[in-house]
Amino acid sequence: MNNKVDIINIRKKFLEKLQPSGWDEYLAPYINGFEFQIAINELKEEKDAGRLFEPEFKNIFRAFELCPYKDFKVAMIGQDPYPQPGVADGISFSCSRKDK
């Protein structure tokens, strides 16, 4: 089991994905911060231990990718548990992969 996380590459990839929507400028302080590194390491530990989490790692900032910063008006915060693996798609209250 490889416990090394390439945090530099992970940060770079997330910021590149966020750049077209304009969120990179606002989320960069968090993504480049120590708390992000801790969160990424904890997610890797969970995955290595065989525990599942949703949405998939690649989709954790998907909402920011799909909603440009200049169009952002309101944030809705809530909890919508996904009982089945592969259902969460990174958008709050959405499970588009199951056509629901």
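The following legends describe an overall view and three close-up views of a predicted protein model.

**Figure 1. Overall view of the four-helix protein.** The predicted model contains four helices and zero strands, helices being DSSP runs of H or I of at least four residues and strands runs of E of at least two, numbered from the N terminus. From the N terminus on, the order of elements is α-α-α-α. Local features need pLDDT of at least 70 and side-chain atom pairs pLDDT 80 or more, whereas totals for chains, interfaces and linings use all residues. Residues are numbered from 1 along each chain as its sequence is written, and side-chain values use heavy atoms, without hydrogens and water. The mean pLDDT (the predictor's confidence in each residue, from 0 to 100) is 84, and 84% of the residues score at least 70. Among the elements, helix 2 (residues 24-31) has the highest mean pLDDT, 96, and helix 4 (residues 62-66) the lowest, 90. Of the 100 residues, 23% are buried, that is, under 20% relative accessible area with a 1.4 Å probe and protein chains only.

**Figure 2. The contact of helix 1 with helix 3.** The axes of helix 1 (residues 7-18) and helix 3 (residues 34-48) come within 11 Å and cross at roughly 105°; axes are lines fitted to C-alpha atoms over the stretch in contact, with angles from 0 to 180 degrees between N-to-C directions. The two helices are therefore roughly perpendicular to each other, a term covering angles of 65 to 115 degrees. Ile 7, Ile 10, Arg 11 and Phe 14 of helix 1 meet Phe 34, Phe 36, Gln 37 and Ile 40 of helix 3, where contact means heavy atoms within 4.5 Å. These residues divide into six nonpolar, one polar and one charged; Ala, Val, Leu, Ile, Met, Phe, Trp, Tyr, Cys and Pro count as nonpolar, Asp, Glu, Lys and Arg as charged, and the others, Gly among them, as polar.

**Figure 3. Surroundings of Ser 21 in the loop between helix 1 and helix 2.** Ser 21 is buried, at 8% relative accessibility. Apart from neighbours within four places in sequence, Ser 21 is in contact with Phe 64, Glu 65, Cys 67, Pro 68 and Tyr 69.

**Figure 4. Surroundings of Pro 55 in the loop between helix 3 and helix 4.** Pro 55 has a relative accessible area of 18% and is buried. Not counting residues up to four places away in sequence, Pro 55 touches Ile 60, Ala 88, Asp 89 and Gly 90. Val 87 lies 32 residues from Pro 55 in sequence, with 7.6 Å between their C-alpha atoms.

Conventions: Parallel < 35°, antiparallel > 145°, perpendicular 65-115°, else oblique. Buried < 20%, exposed > 50% of the residue type's maximum accessible area, 1.4 Å probe, protein only.
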